[in-house]
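Here are some short exercises to work through with the model open beside you. Try each task yourself before you read its solution.

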Amino acid sequence: MKKAGARTIQLNQLTKALVQSGYEINLKRASCKVRGLIIPDQNEIFINQLLPINERVITILHEMIHLYDAKLDEDETEATAQAIFANLSTAELGYLEFLVA
Ligand SMILES: [Zn+2]
């Protein structure tokens, strides 16, 4: 069942948006509560390395959804990230884990 606010977006649409953005994914250990952040000035997506791997995967999905559709609000973006995460194949999960490892 889809969560309220979740949009139907395919992972390949998100990876295309990521590649087209030209943003680099940078993992940093940050003891703040921020899980991830798009920093356009530095051409980077920051992902908090202190998060467990599954949380990092959901966070990169969340940030990719922002890139793909900036009009979605935080709740819609997070619900969509959770919905995509719940339906990942093993290969897709492996690819995303590689991005944030
Ligand atoms: Zn967000």
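Two strands count as paired if DSSP finds at least two bridges between them. Keep that in mind as you go, and remember that this is a predicted model.

**Exercise 1. Find the partners of the strands.**

Task: Work out in which order the three strands form the sheet, and which residues are bridge partners.

Solution:
- Step 1. Begin with β1 (residues 24-28), which pairs with β3 in the parallel sense over five bridges. One of the pairs to look for is K28 with N48 in β3.
- Step 2. Now turn to β2, which is joined to β3 by four bridges, with the two strands running antiparallel. Here G36 has I47 as its bridge partner, and I38 has I45.
- Step 3. Put the steps together: the order is β1-β3-β2, in an open sheet with mixed pairing. Since β1 and β2 each have a single partner strand, they stand at the edges, so one side of each is left without a neighbour in the sheet. From one strand to the next, the twist averages 20 degrees.

**Exercise 2. Look at the turn.**

Task: Say what is special about the phi of N43, and whether N43 is buried or exposed.

Solution:
- Step 1. Locate N43 in the loop between β2 (36-39) and β3. These two strands form a hairpin with four residues between them.
- Step 2. Check the backbone: the phi of N43 is near 55 degrees, which is a positive value in a residue other than glycine.
- Step 3. Count neighbours. A residue is exposed if 12 or fewer other C-beta atoms lie within 10 Å of its own. N43 has 12 C-beta neighbours inside 10 Å, so it counts as exposed.

**Exercise 3. Step into the middle strand.**

Task: Decide whether I47 is buried or exposed, and name the residues that it touches.

Solution:
- Step 1. I47 belongs to strand β3 (residues 44-48).
- Step 2. Apply the cut-off for burial, which is 20 or more other C-beta atoms within 10 Å. I47 has 25, so it is buried.
- Step 3. List the contacts, leaving out residues up to four places away in sequence: I47 touches I25, L27, G36, R56, T59, I60 and V100.
- Step 4. Widen the view to the strand. Four of the five residues of β3 are buried, so the strand is largely enclosed by the rest of the structure.

**Exercise 4. Compare two helices.**

Task: Describe how helix α1 (residues 11-21) and helix α2 (residues 53-68) cross, and what kinds of residue make up their contact.

Solution:
- Step 1. Two packed helices are described by the angle and the distance between their axes.
- Step 2. For α1 and α2, the axes come within 9 Å and cross at roughly 75 degrees. That makes α1 roughly perpendicular to α2.
- Step 3. Find the residues that meet: Q13, L14, A17, L18 and S21 in α1, with L61, M64, I65, L67 and Y68 in α2. They divide into eight nonpolar, two polar and no charged.
- Step 4. Relate α2 to the sheet: α2 lies across β1, β2 and β3, at about 35 degrees to β2.

**Exercise 5. Step back.**

Task: Give the pattern of helices and strands along the sequence.

Solution:
- Step 1. Count the elements: four helices and three strands.
- Step 2. Read them in sequence order, which gives α-β-β-β-α-α-α.

Methods:
Residues are numbered from 1 along each chain as its sequence is written. This is a predicted model: local features need pLDDT of at least 70, side-chain atom pairs count only at pLDDT 80 or more; totals for chains, interfaces and linings use all residues. Two residues are in contact if their C-beta atoms, placed from the backbone, lie within 7 Å. Axes are lines fitted to C-alpha atoms, for helices over the stretch in contact, and angles run from 0 to 180 degrees between N-to-C directions. Angles under 35 degrees count as roughly parallel, over 145 as roughly antiparallel, 65 to 115 as roughly perpendicular and the rest as oblique. Ala, Val, Leu, Ile, Met, Phe, Trp, Tyr, Cys and Pro count as nonpolar, Asp, Glu, Lys and Arg as charged, and the others, Gly among them, as polar.
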